[in-house]
Amino acid sequence: MLFRSPVDTDRVIASGFSMGGYATWGLALRYPDRFAAIAPFSASISRRDRPPFVDNGMRFLVDNLKRTPAFFAHGSRDGMVPANSDRFVAERLRKLGASPVYHELPKAGHSLGGWLGRPENRKELLTWLSSKRRESQPKIIEHRLTSGYMGRAFWVEGLEPSSSRASLRARSEEH
């Protein structure tokens with residue numbers, strides 16, 4: 001028997017820790033129109049985006065998160081996943097006019113030093129998440145893609161990169 005329950009598609013949130021955080025970033029960078037908000041922790045936008053390397057392909061996609069609220073945290077002493085990628089994302093989103101919530105914890109490692117377990121931090125996160133709602137019919141879509149499988153955003157389909165990368169800006173006739 002299949003259990004069915006109504007889901008408010010404008011309230012879907014992606015979140016994860018470590019590898020789950022990588023998945024959260026990966027999905028949100030490619031399909032930002034699906035989420036009301038994201039909350040990755042102790043993760044990076046790519047396993048290849050770590051000193052001394054930079055994953056320019058994934059960094060190119062960060063602009064897709066301009067309208068997707070992001071709450072993320074990273075330990076500055078994380079020896080498994082360096083915080084450089086999260087620093088880049090926070091700075092880039094701020095330059096785009098977004099307001100990401102980024103906590104870099106100066107004494108924490110990969111486990112965030114129990115930060116998520118503290119009641120005040122959980123309350124901040126849950127209050128923030130509960131206030132988020134996806135804009136399902138935006139007037140303007142700005143979407144970047146690096147491959148054809150990412151060829152859909154909101155009400156626009158069939159997007160294909162003209163070279164290895166493409167950007168789209170579209171306006172709805174209905175708005």
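Which pattern does the chain follow when read along the sequence? In this predicted model, the order of elements is β-α-β-α-β-α-β-α-β-β-β-β, and the legends below begin with the whole chain before turning to single elements and residues.

**Figure 1. Overview of the chain, with its four helices and eight strands.** The chain has 175 residues, of which 47% count as buried. Among the contacts with a separation of 6 or more, 65% are made by residues that lie 24 or more positions apart in the chain. The accessible surface amounts to about 9,800 Å², and carbon and sulfur atoms contribute 52% of that area.

**Figure 2. Helix α3, residues 84–95, and the elements that its buried residues pack against.** This helix of 12 residues reaches 17 Å from its first C-alpha to its last, which is close to the 16 Å expected at 1.5 Å a residue. The buried positions of α3 are N84, S85, D86, V89, A90 and L93. These buried residues pack against two helices, α1 (19–30) and α2 (56–61), and also against two strands, β3 (71–75) and β4 (101–105). After α3 comes G97, a residue with a positive phi near 95°.

**Figure 3. Surroundings of K132, a buried lysine without a salt bridge.** K132 is found in the loop that runs between α4 (119–130) and β5 (140–145). Although K132 is buried, the nearest side chain of opposite charge, that of E124, is 11 Å away. A salt bridge would need a side-chain nitrogen of Lys or Arg within 4 Å of a carboxyl oxygen of Asp or Glu, and K132 has no such partner. The side chain of K132 does, however, make a polar contact of 3.5 Å with the side chain of S131. When residues up to four places away in sequence are not counted, K132 touches D10, R11, A36, A37 and P69.

**Figure 4. R122, a partly exposed residue of helix α4.** R122 has its place in helix α4. Its relative accessibility is 39%, and R122 therefore counts as partly exposed, because this class covers values between the limit for buried, under 20%, and the limit for exposed, over 50%. With residues up to four places away in sequence left out of the count, R122 touches L116 and G117. K132 in Figure 3, by contrast, is buried.

Terms used: Residues numbered from 1 in each chain as written. Predicted model: local features only at pLDDT ≥ 70, side-chain atom pairs only at ≥ 80, totals over all residues. Heavy atoms only, no water. Expected span 1.5 Å × (residues − 1). Buried < 20%, exposed > 50% of the residue type's maximum accessible area, 1.4 Å probe, protein only. Contact = heavy atoms within 4.5 Å. Areas by Shrake-Rupley, 256 points an atom, 1.4 Å probe, with all protein chains shown as cover. Lys, Arg positive; Asp, Glu negative; His and termini not counted. Polar contact = N/O pair within 3.5 Å; in protein donor to acceptor, adjacent residues only side chain to side chain.
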